[in-house]
Each structure stands twice: as C-alpha cells, then as structure tokens.
Amino acid sequence: MTQHLHSKRLQRPGYGTVLAAVLGLVAALNLGAIGQAKAAEKTPVGRWSDRAHGFASLAGGTTGGAGGKVVTVTDQAALATYAAAEEPYVIRVSGAIAVEPFGSDIVVASNKTIIGVGDTGEIVHGELHLNPGTHNVIIRNLTIRDSYVEGDWDGKTTDFDAIQMDTVDHVWIDHNRFTHMGDGLLDIRKDSRYITVSSNQFTNHNKAFGIGWTTNVLTEMTIDHNWFRGTKQRNPSADNLAYAHLYNNYLSSQVADGDPVWTYGNWARGKTRMVIENSYYDGVQHPYQADATAELVQHGSILKNTTGRTDTWGTAFDPRSFYDYRLDPAAAVPSLVSRFSGPQKRIGVTLHVPGDYPTVQAAVDAVPDGNAVPVTIAVAPGTYRAKVYIPATKPRIVLQGTGHDRSDTVIVYDTPAEYGGSTGSATVRIAANDVTARHLTFSNDFDEAAVELKGEQALAMKTTGDRIVFDDTAFLGNQDTLMTDSPKLDVISRVYIRDSYIEGDVDFVYGRATTVIERSVIRALSRGSDTNNGYITAASTWTGNPYGFLITRSKVVSDAPDQSFHLGRPWHPGGEPAAVAQVLIRDTELPAAVKSSPWTDMSGFSWKDARFAEYRNSGPGAAPSADRPQLGAADAKNYTVANYLKGTDDWAPYAGH
C-alpha cells in the first residue's frame, strides 16, 4: 500500500511476550474481555452440542456428512439425490418438502447429515429410510409429519414411518419433531448398533418409537431429553437391546383410551437391559415395565398422576462405564425438554477443523456459493501455517477458534508484498459479506528486519466484504497489518472490531472501509528510530462517506521512544483525489510515544485536507497542541459507534455485547 520506510524495528517480540503485555493492560483499562482467556461456549450435552453423544459417540463416533460439501435442498428431487449419493454430504433442508407419492421413502445412504434450516425444515408425507449396512448418519432439526392414513390408527395397512432403519450402525437422531405418521414415528430394527436419540418430540400418534424386531441382543442405544406427548404406546418399546440408557425424558399427555395393556410408557422387552434415570412421567399409564427376561434399573425419576406398572429388577448395566454424560434434575425436565426439544432456530451447521476438514480453506471450500444460512467453521487450537481466502460467493461464515484463549488458535503465513503485491501478501482475505471471526489470532510473521526488499508490506488480514465482525481476535504484523477495504472507492463496507488486539508499525490499520475499533488494545511497535517509528492509521475514505475509522474506548500502547509515532496520515491510492481520510480517535488512552503533532502528510497530500480529529482522549500522548484537531461535544454526538455502522440496513453488531 505505502512506500516502505527503511528504518526498521530491531526485534519482533514473540507471541507470548506480546500477549502477556496485553493481559497486563486489562485491569487498568477495565476493558472486560480484552486480552483475557475467553473460553469457547460450552454447550450442554443433549441441547446444543453439534457432536453426537452417548452410544453414537463410541466405536469411532458418528460424524454424518462431515468432510463433505454443504448443500441446501428445497425439493424432493434434490433431497433424494444428495441423500442417496455415495459421497458424504451435509444436506440442509430449507422449508417444507412434500414427498410424492404419499408415504414414499427417501433413501439415506452412509456418511450423511440431514439438518433442517432454522426451525422450518420439514419433510411432509414421506419417510427417511436407512437400508441395511448404512452407517454414520445424522438427522437433526427436522419436522417429519403427516403420512397418517385416516382410519388406520394401528398402522396395519401402511408402513409409513417418519424414520425407519434396519441393521445400521452409528446414527444420531436429534432435535426433530415426529408427528401424525402412518405406522411408527421412529423404527430402529434388526440389530442396529451405536444409536443415540436425543431431544426429539414424538407427538399425536399411536406407536411412537419401536426398537428391536430381532432375537439377537446387540443394539446399544442412548435415549435422552425426548418429549413424548399425545402418544399411546412404544415410548419406547425396546426389544432385545444389549444396553438401553434412558435419561431425562419427559412423558406427558398420554393418549387415554382405556386400554389396560397397550397404553404404556417405557417397556424393556425380551432380554433388554435398561437403565432409566431422572425422567418425568405425568399422566402416564404403566410408566415403565419389564418382561421377566429383561432387566430394568430406575432411579431419580418423578411420577405424577400415574397408574400401573413400575417394574424394576436385575442390575442391567452402568452407563458411565461406557461414556460420560450430564444428568439434569428430574424436576427440571418438563421445563427443559419442552423448551429445548424439537427443531431449534439456533442449531446450524458446524464444520470442524482439522477433525472433519484438514484445513481452514478446505472447510471454507465446503460452504456452498450463495450461502444463505450461517455456517460455523470451528477451528481447534493449533498453529495453521496457510493462507485463507473467503470469496465473495460464500457469505455468512463464522470462523471460530475453540481454544481457551485467542492465542491458542493462530492462522499465520509470511508473505511480503514483494512476492504477490499487497493483497497477495495477506494471510487471510475476506471478500464475502456477513463474516464473523472470534477467538482467533491472525498473523503475518514476515521478518522485515531480516531482509531488504522494496515491498515489505505484509498483511495479516484484508477485508473487502460488508458487515464483518472481529470479536476477541488478534492481528499481528509490522507494516500494513490490517487492511479493511471495500470492492471499489464509492462502495461502503463496514467492519466492527471489538475486544481485540492489533499490532504493527507503518500504516498498520488502513483502507477505505468504515471501521470501528472498540474496547481494544493497539500496539505501536518501535522500529528503532528516535524520531519516526511509523503511523497507526492510513485511511483512504471515499469523500462521499462521512465515516472512516473510529477508534473508541481503547488503549494505544507502545515501546517506541517518546514523540516518535503518528496517529495517522492520509492515503490517496494512486493519487485518487476522492479518497479523503476520515479518522476519529475518541475516549482512548494514548502513550507518550504519540507525537504532539500526531497527523502528517503523505505522498504530497496534506493531512490538513483530511478529516482527522480527536475527542476526549487521555494519557501522556493526548496533550493538546495547535496541530491536533479536537471534535466539539455537539459534533461528537454524531460520530458514534451506532452511526458509523448503521448504514441503510440498521446494522448493529454491538447490540449483543
């Protein structure tokens, strides 16, 4: 971007040194999460985790279509094609898909995830069918409904289940709603193994959930946090299961037709070994029962307005000898399960790196072009030495580190502008709109002190997309560390950076995007000069845009000598006269390294013609002088975070903080 200054910083601190320094600033600044360890959200098992738990997590686990492309389907033909494909797919069902002919099967092959978009994905009049030998399937967040044939209450003339599977393994059925089908809602049959059924709703039906149809005692199944309401029997019926672990399920509003035998809750049949824990039965006939050949252990459940059998005998098994799990109190089950079972708006697609995709770029590439629904790329702790490009065709990506601290997950490369230009030097480029990055460090570790090149600019990050959010992120580099730009001069893109850390020396926050940096630490690195160590900003704001850079409620720190750093200079790319920098630094602490005349000219353009100002700054580098324009209180009311980011769509990414 800018011409290189030959006086170089003598030594680059290591990541640990830099981050340790930032941590020390937190208490004095009272900046909340800045620089602190910020753990990734821990989601309770059975509610929000995107990883299978219980028996489905054992013997290699259940990952569904992980590693495959993400696709969105809106019609039966596309759903059937992708579901039956040989290769893995993550298939998002958007809206209601009516299946024809009525009651027909959609065959689901191995290595598939089928997941509803938001809480509106539906399969109507049809069944998902897993043939023998199918393995590694996830079905989540769907409503499957309405293949009931009027008058056929017992399902004797049709076999229109919601989901049916025979002799399969590793299947996770989670957060679905099954209602008003032709035979069973969920039939898991014939020696199927390593199955978890969690947080589903079974409603308005006779035979809800049957398991077995085999003389072999092989099936291992976890059934938790499900809601059975308005159902009559098979809640579930478990025939010859090696291990059936039922916990925190809610059975209520059972169909009451006076049937003394075939109206019941849970039934351990044949040689099933069943453990029931902390479930809640309200208005249920025969809450739990066991054949004389079965074993059933129950503890912690609540019975309310129940009648009939509550059988317990034998020792069954200890679920914790197989896997860890969290039990909710039985008294909390009605509230928790009624709220969190069934399809949920916040359940989405998560692509794990490197667990499911070997690189961050591979996960980005799996996101479909024109992506209309957020996709999270969860990056495990580690150092990823590779470039990443999110093209304009792949919006709505959340790039999230999953470590305890943002420094745990680093995306880094070492290209200078000499080898690819300024844009080509960027470790990460974001051209798409609506991208969020959290709990990550972005770095360009090109060592400008080690070599002598004409193009030593080395970007850690370049953005051109609109509505970009950086939350608890770090940007490490020297010259041109962070560029927030737009596709062209008169197009306004907006970037919001909060609770983050930015370091560099020359023009290390620059570009023409409207950019807010809030509650963050900016480190101006010494380049070994007593008089000029660099410039924090180099804005190139379009003259028609009143809002360029806003640095607010932050702190600038520096190891540079006193009076040796500029707040910024005006960048006119290619001499463009309509690029007129706008920078406001307000309510921010400035170090002694900042010059008393903090703004300076660039490439023949006077800083006095730019739109530079300060407001209510503090610290040794904020002393007033004739050469530092101050914003008046009345004008300051117009230069707020909200006004910078509002645009024409009322974007307010700060509202959730």
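**Entry 1. Terms and overall picture**

I count a residue as exposed when its relative accessible area is over 50%, as buried when it is under 20%, and as partly exposed in between. By that rule Asp650 is exposed, because its relative accessible area is 52%. I note that the model is a predicted one.

I looked up the chain as a whole next. The protein chain holds 48 strands and 7 helices. Its C-alpha trace spans about 95 × 50 × 45 Å along the principal axes. Of the 657 residues, 61% are buried. I also checked how contacts are spread along the sequence: among those between residues at least 6 apart, 71% join residues at least 24 apart. The accessible surface is about 23,300 Å², and carbon and sulfur atoms account for 50% of that surface.

**Entry 2. Salt bridges**

I found a count of 33 salt bridges and looked at a few of them.

Asp650 pairs with Lys646, at 4.0 Å from N to O. Lys646 is partly exposed, since its relative accessibility is 43%.

Arg193 and Glu220 form another salt bridge, with 2.4 Å between the closest N and O atoms. This pair links distant parts of the chain, as Arg193 lies in strand E14 and Glu220 in strand E16, 27 residues apart. Arg193 is partly exposed at 29% relative accessibility, whereas Glu220 is buried at 5%.

Asp466 and Arg494 are the third pair I looked up, and their closest N and O atoms are 2.8 Å apart. They too link distant parts of the chain: Asp466 sits in the loop between strand E35 and E36, Arg494 is in strand E38, and 28 residues separate them. Asp466 is buried, with 11% relative accessible area, and Arg494 is buried at 5%. I then asked which residues are linked with Asp466 and Arg494 in a network of salt bridges. The network also takes in Asp434, Arg467 and Asp649.

**Entry 3. Cavities**

I searched the whole structure for cavities of 30 Å³ or more and got 4. The largest cavity contains about 200 Å³ of space. It is lined by 18 residues, and the closest to its centre are Asp50, Thr63, Thr113, Ile138 and Thr350. Strands E5, E8 and E27 are the elements that each give two or more residues to this lining. E27 supplies the largest share, 4 residues. By class I have 8 nonpolar, 6 polar and 4 charged residues in the lining of the largest cavity.

**Entry 4. Second largest pocket**

I put the volume of the second largest pocket at about 260 Å³. Its lining has 15 residues, of which Thr436, Arg438, Val469, Trp651 and Pro653 are the closest to the centre. Strands E31, E34 and E36 each contribute two or more residues to this lining. The classes here are 7 nonpolar, 3 polar and 5 charged.

**Entry 5. Ser540**

I wanted to know where Ser540 is placed, and whether it is buried or exposed. Ser540 is in the loop between strand E43 and strand E44. It is buried, because its relative accessible area is 1% and the cut-off for buried is under 20%. Leaving out residues up to four places away in sequence, Ser540 touches Leu489, Gly511, Arg512, Trp571, Pro573 and Ala579.

Key:
Residues numbered from 1 in each chain as written. Predicted model: local features only at pLDDT ≥ 70, side-chain atom pairs only at ≥ 80, totals over all residues. Heavy atoms only, no water. 1 Å grid on protein atoms, 1.4 Å probe; cavity = no way out; pocket = protein on both sides within 12 Å on 5 of 7 lines; lining within 4 Å. Points joined across faces, edges and corners; volume = space filled by probe spheres on them. Nonpolar A, V, L, I, M, F, W, Y, C, P; charged D, E, K, R; others polar. Buried < 20%, exposed > 50% of the residue type's maximum accessible area, 1.4 Å probe, protein only. Contact = heavy atoms within 4.5 Å. Areas by Shrake-Rupley, 256 points an atom, 1.4 Å probe, with all protein chains shown as cover. Salt bridge = Lys/Arg side-chain N within 4 Å of Asp/Glu carboxyl O.
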